[in-house]
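The exercises below are meant to be worked with the coordinates open, and each is followed by a solution in steps. Try each task before reading on.

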Amino acid sequence: MFSTDMTTPVLYLSHGAPPLADDRRWTAELADVSAGLDRPTAILIVSAHWEAAPLTLAATETVPLLYDFGGFPERYYQVKYAAPGAPQLADQVRKLLHSPGTPVYDDPTRGLDHGAYVPLKEMYPDADIPVLQVSMPTLDPTELFRIGQKLEPLRDQGVLIVGSGFTTHNLREMNFAAGSDAPAPNWSIEFDDWTRRALESQDVDALIDFLHKAPAATIAHPRTEHFAPLFVTLGAAAHHLPTAQTVINGFWYGLSKRSWQIG
């Protein structure tokens, strides 16, 4: 598929809603993350906004973006990100993930959703790196970790594997009137700090069981789809967890933007 001597790091990014792209601090931080990486041969991204079982691969050629949100100003629906498709990467993913009883589907018309294109547009604004989005077939952390483990060989081929979610995500508890830089609520601070410490200590078992182990877990994640991509990232970096480092931190309207690079 690809030829490279590098083992590419993996990322878990708190991607935010489309308006987060207006936050100059966040966009600068994302640009710094990509500037610190060797140029990937391709990008494989798992977004909180695509759950589909069996596991499904999105379009392998350039198709229109999926504006999977509502109620925003028109300019957010005019954003373009015409990254090349990644048919070679898709073939490789099929080989790594397909097994008897575990099919891999294709959705050739599905464009990148905002969990994919919002951060990538800030990291690689020229849209000149092939991108493949892969669905989450389940929210079960153990199974997502195993999927990540199967994808790990792609790192030796220069593929950047990205899990895109949000370290805390409870839209009902967001206080928009307080402003984006207002002090975060205790539940978000406590969950963010617990997650940071668990990853620093490489306690994958605790992270997988976060709903029972983490403080305020069901408030931080009333539904777990935004934390779930982290487990694909952890699986793909299972042999490099000691290298995990926070590359973005802080809060946005009370939600933790903490993002990690591993490897």
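Two strands count as paired if DSSP finds at least two bridges between them. The model examined here is a predicted one.

**Exercise 1. The sheet and strand E2**

Task: Work out the strand order of the open sheet of six strands, and establish which strands are the edge strands.

Solution. Following the pairing from strand to strand gives the order E5-E2-E6-E1-E10-E7, and the pairing along this open sheet is mixed. The two ends of that order are the edge strands, E5 (131–133) and E7 (245–248), each of which pairs on one side only. On average, and with direction ignored, neighbouring strands of the sheet are turned by 25° against each other.

Task: Describe how E2 is joined to E6 and to E5, and decide whether the residues of E2 are buried or exposed.

Solution. Begin with E6 (residues 159–165), which runs parallel to E2 (residues 42–47) and is joined to that strand by six bridges. Within this pairing, isoleucine 43 has leucine 160 as its bridge partner in E6, while leucine 44 stands opposite isoleucine 161. Turn next to E5, where the pairing with E2 is also in the parallel sense and extends over three bridges; here leucine 44 stands opposite leucine 132.

For the side chains, recall that in a regular strand they alternate between the two faces of the sheet. In E2, Ala42, Leu44 and Val46 point one way, whereas Ile43, Ile45 and Ser47 point the other way. Six of the six residues of E2 are buried, and the strand is accordingly described as mostly covered.

Finally, helix H2 (residues 87–97) packs on the sheet, where it touches E2, E5 and E6, and the direction of H2 makes about 60° with that of E2.

**Exercise 2. Two packed helices**

Task: Classify the packing of helix H1 against helix H3 from their angle and axis distance.

Solution. Helix H1 (residues 24–35) and helix H3 (residues 114–123) have axes 7 Å apart and pack at an angle of about 70°. Angles of 65 to 115 degrees count as roughly perpendicular, so H1 is roughly perpendicular to H3. The handedness of the crossing is right-handed. On the H1 side the contact is made by Trp26, Thr27, Leu30, Ala31, Val33 and Ser34, and on the H3 side by Val118, Pro119, Glu122 and Met123.

**Exercise 3. Aromatic pairs**

Task: Assign a geometry to the pair of phenylalanine 69 and phenylalanine 72, and then to the pair of phenylalanine 191 and tryptophan 194.

Solution. The search of the whole structure yields 14 aromatic pairs. In one of them, phenylalanine 69 and phenylalanine 72 have ring centres 5.4 Å apart with 90° between the planes, which is edge-to-face. The relative accessibility of phenylalanine 69 is 15%, so this residue counts as buried, whereas phenylalanine 72, at 27%, counts as partly exposed. For phenylalanine 191 and tryptophan 194 the centres are 6.3 Å apart and the planes are at 40°, so this pair is tilted. Both residues lie in helix H5 (residues 186–200), three residues apart, or about one turn of the helix, and both phenylalanine 191 and tryptophan 194 are buried.

As a last step, one aromatic cluster is formed by Tyr67, Phe69, Phe72, Tyr76, Tyr77 and Tyr117.

**Exercise 4. A loop residue**

Task: Locate arginine 172 and decide whether arginine 172 is buried or exposed.

Solution. Arginine 172 lies in the loop between E6 and H5. Its relative accessible area is 82%, so arginine 172 is exposed. The C-alpha atom of arginine 172 is separated by 9.8 Å from that of isoleucine 219, which is 47 residues apart from arginine 172 along the chain.

Terms used:
Residues numbered from 1 in each chain as written. Predicted model: local features only at pLDDT ≥ 70, side-chain atom pairs only at ≥ 80, totals over all residues. Heavy atoms only, no water. Phe/Tyr/Trp six-rings, centres within 6.5 Å; stacked < 30°, edge-to-face > 60°. Buried < 20%, exposed > 50% of the residue type's maximum accessible area, 1.4 Å probe, protein only. Helix = DSSP H or I, 4+ residues; strand = E, 2+ residues; numbered from the N terminus. Axes fitted to C-alpha atoms, helices over the stretch in contact; angles between N-to-C directions. Contact = heavy atoms within 4.5 Å. Parallel < 35°, antiparallel > 145°, perpendicular 65-115°, else oblique. Left-handed = near helix turned anticlockwise from the far one by under 90°.
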